[in-house]
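Got your viewer open and a selection box ready? Let's walk through this one stop by stop, picking residues as we go.

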Amino acid sequence: MPSPSRRTVLATGSALGGTLLAGGLPAQARAADHAGTSDPWRTVLDDADLVWQRMPKTWYEGPYLGNGFLGSGIYAEPGAETGSFSAVRFNVQHSQVQDHRPEFGSLFGLARLPIGWFTLEPVGAIRGLDWRLGLRDAELTGTLTTDKGTLTLRALVHNSRSVLAVEVTPSEGERDFRWVFHPADAISPRADFKPLPDGYQGNPPAEVATHDGVSTAVQPLLSGGQHVTAWRERTRGGTRCLYVHVAHSYPQSTALGRALATVRGASALPYDLLAGTHRAWWHAYYRKSFLSLPDARIQRFYWIQLYKAASAARRDAPVMATSGPWLESTPWPNTWWNLNVQLEYWLIHGSNHLELDAVTRALSEFRGNLSKEVSDRYRADSLGIPRTTDPQLVNGAAGTLTGYGVGIPGQDPPTPEVGNLTWALHNVWLSYRHTMDESILRDVLFPLLRKAVNYYLHFLEPGADGKLHLPATFSPEYGGNSRDCNYDLMLLTWGCRTLLESAELLGVDDELAPRWREVLAKRVPYPTDANGFMIGADIPFAKSHRHYSHLLAVYPLYELTGRTPDELALIEKSLAHWVGFEGALQGYTFTGAASMSALLGKGEDALKYLGQLMTRFIQPNTMYKESGPVIETPLSAAQSLHDMVCQSWGGVVRIFPALPAEWADLTVHDFRTQGAFLLSAVRKGGATRWVRLVSEAGAPCVVRHGVAGAIDVRDERGRPLRYETVGDGTIHVALRRGESALITAKGDHPDLTVTPVRPNADAPRWGLPA
């Protein structure tokens, strides 16, 4: 008979339920998609559903649907008076739809372009609504009540067909409701915030037509190409279903044919058939990992971010723009590389969702454009990425006076913000470390990082002190250029160290290796003063600043972690000084501060910072607002939670390193760590009961397990495993690919059931509940 650790079963007799861990393969790969409350994934997902019993009036309040390409935000048609709404807007936007006039730059000439919106227009005046965004099915359901009757709706953006489907079942008095499409002006949304460049004109109006029962709005572009919105409504019995698709083509005008074919194919299917494959994808998606903690509001927030991430990102989709696929009026209608992209994608690693990694794919696919963003003097051996680009990593600066988008250290203009590519490649390195996929290291990270670092090497110069110095560069958003800018010194240091380690792993004898070693040996120390890290040698940190560009060596690079008392004091002083200036602090200030606190093992502080984020910045639907819609901050808050639950930098997997005391119970399952381990662990009553690691790559397994006292370490069959103690509470276990280690207190045989933990207190749902 196999031992219990080899079986996967559903627990019974529990209101919460759970799944026993199985050896070898991840448990969720074998768990059936059960409908009862005994399924832990269903339990937490149903609990996290957003609800609306009041009408959402803006992007920041309403439901949202998406699949990385097509996106729809849903809220009242603007202009309606409070308490009296005439229609509901279903926005239609697409992450591939952009302009193609690089002569006007990335924010006008290459900007994401708005497409339009449908209005659901009832016969009567809207009196109320009861909606639920079901995370598990990625579907909006509910009713709209008017003074003439009700409209019962179901809506989704289909995972693979990229079709918005909205099924409406009207009561007798609402049988004559209607859908109306409103094409948007195809002009950069930045025009609402900044003057248009000289010579810029908007694209011509969309051309609306009908093709054998399918309606279209064809948007021609002055640069050539087009984007097309196609839609069709089908009536079956007492229901009417709207099917919508958007296609984009450039420079050809082939989008019309694709849009018509897609809508015809999708509209041949009743809503239920269309929804079946859609739901199956989403059900499998969530089962790749599991996290439950006793703060109901934060637990719901976390699962909503997983929904949001898969609605906004896919490996083959464009790298997320600042508002994802839900474009609205914004000063930032493109992809931002000096923080936004990096934060948007951090959560994919721990949550075990590498299928969403568009960053690695895009940097590899469009690497040829990265050389064009540096001056032609350096293109032979250097790469860079400017602050903003379109999905093909083009900035549009080639047609400007300078002819390039990444500035030159010591010169301005353009602003010498040169570290963005190196920081983006840190995300690629994280994808490598969490999968140990050597092809990522060999084919993407090493060749691109080599050229990104090489750009720096052109400008490093020895000073009178014998140290290597950088000319003036720009620390994102602080203002002013400084010699020995910490943003760049920290990224350069990480880059050289990573190149040396990568060359050794790949067996490459690189001719630049001596130069990388010289940089690490002779690089000027990071500029500091009595308050901690400075912006650079010429600029102290002396004003409120939302960005932690001067602290990257602490987080996320983990180059400085508090190994010595002096280093710890420097980090603590710098963190306190940074967040001590009110005025310009924004949401991601607090996610960064939470993760830095987690690095220091300060779970109470990390929770405090997340609390400030939730109360000050997160909107009713968990979106985020500055002067325009941006989505990186809530997604990075999910990573801050990851950092509290597990850290795996420096070759050591740290279990529950920064949990606040009030999180006495916590369950995590198939959390992906560096070294390609899948972690499952349970904490009860403030104590770690058991830890299990499954090795996918056979990498060295060093774990700070957190189990108090003497321990047992067993394999997937319950047999003792040999291990080596390498520090206080830290062991090394030799695991080959596919093997696992279960760590418990000595003599203990705890229940290995994965279950949601009970909340400490009730909390309101996200959305707009009554």
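## Stop one: a loop residue and its contacts

Start by selecting A697, which touches T435, M436, G675, A676 and R737 once residues up to four places away in sequence are left out. Keep in mind throughout that you're looking at a predicted model. A697 sits in the loop between β31 (687-695) and β32 (701-704). Buried or exposed, or something in between, for A697? Its relative accessibility is 22%, so A697 counts as partly exposed. Now add L735 and draw a C-alpha to C-alpha distance from A697: you should get 9.0 Å, for two residues 38 apart in sequence.

## Stop two: a buried histidine

Next, select residues 420-435, which make up helix α10, and pick out H426 in that helix. H426 has a relative accessibility of 1%, so it counts as buried. What does H426 touch, not counting residues up to four places away in sequence? Show W494, P556 and L557 to see those contacts.

## Stop three: two cis peptides and two positive phi angles

Stay with P556, one of the residues that H426 touches. The peptide bond joining Y555 and P556 is cis, with omega about 10°. P556 is found in the loop between β24 (532-533) and α14 (565-579).

Now select Y558, which is found in the loop between β24 and α14. Y558 is not a glycine, yet its phi is positive, near 55°. With a relative accessible area of 13%, Y558 is buried.

For another cis bond, go to the step from P413 to P414, where omega is near -15°. P414 is in the loop between β18 (388-389) and α10.

Another positive phi turns up at F656: the value is about 50°, and this residue isn't a glycine either. Look for F656 in the loop between β28 (653-655) and β29 (666-673). F656 is buried, with a relative accessible area of 9%.

## Stop four: α4 against α5

Select residues 271-286 for helix α4 and 296-312 for helix α5. At what angle do α4 and α5 pack? The angle is about 130°, and the axes are 11 Å apart. That angle is over 115 degrees but not over 145, so α4 and α5 are oblique to each other. The crossing of α4 and α5 is right-handed.

Turn on side chains here. From α4, show W281, W282, Y285 and Y286; from α5, show W303, L306, Y307, A309, A310 and S311. Colour this contact by residue class and you'll find 9 nonpolar, 1 polar and no charged.

## Stop five: α11 against α13

Move on to helix α11 (residues 438-457) and helix α13 (residues 513-522), which pack at an angle of about 60° with their axes 12 Å apart. That angle makes α11 oblique to α13. α11 passes α13 in a left-handed crossing.

Which residues make the contact? On the α11 side, select F446, R450, V453 and L457; on the α13 side, select R515, W516 and V519. The same colouring by class now gives 5 nonpolar, no polar and 2 charged for α11 with α13.

## Stop six: the cysteines

Try a search for disulfides across the whole structure, and the count comes back as 0. Why is C485 not bonded to C496? C496 holds the cysteine sulfur closest to that of C485, but the two sulfurs are 16 Å apart, too far for a bond, since a disulfide needs a pair within 2.5 Å. C485 has 0% relative accessibility, so it counts as buried. Select C241 too: at 4% relative accessibility, C241 also counts as buried.

## Last stop: a glutamine on a helix

Finish with residues 603-616, helix α16, and pick Q612 there. Q612 is partly exposed, with a relative accessible area of 25%. Leaving aside neighbours within four places in sequence, Q612 is in contact with F590 and F617. Then draw a line from the C-alpha of Q612 to that of T141: these residues are 471 apart along the chain, and the line comes to 32 Å.

Note on methods:
Residues are numbered from 1 along each chain as its sequence is written. This is a predicted model: local features need pLDDT of at least 70, side-chain atom pairs count only at pLDDT 80 or more; totals for chains, interfaces and linings use all residues. Side-chain values use heavy atoms; hydrogens and water are left out. Buried means under 20% relative accessible area, exposed over 50%, partly exposed in between (1.4 Å probe, protein chains only). Axes are lines fitted to C-alpha atoms, for helices over the stretch in contact, and angles run from 0 to 180 degrees between N-to-C directions. Helices (H or I, at least four residues) and strands (E, at least two) are DSSP runs, numbered from the N terminus. Angles under 35 degrees count as roughly parallel, over 145 as roughly antiparallel, 65 to 115 as roughly perpendicular and the rest as oblique. A crossing is left-handed if the near helix is turned anticlockwise from the far one by less than a right angle, and right-handed if clockwise. Contact means heavy atoms within 4.5 Å. Ala, Val, Leu, Ile, Met, Phe, Trp, Tyr, Cys and Pro count as nonpolar, Asp, Glu, Lys and Arg as charged, and the others, Gly among them, as polar.
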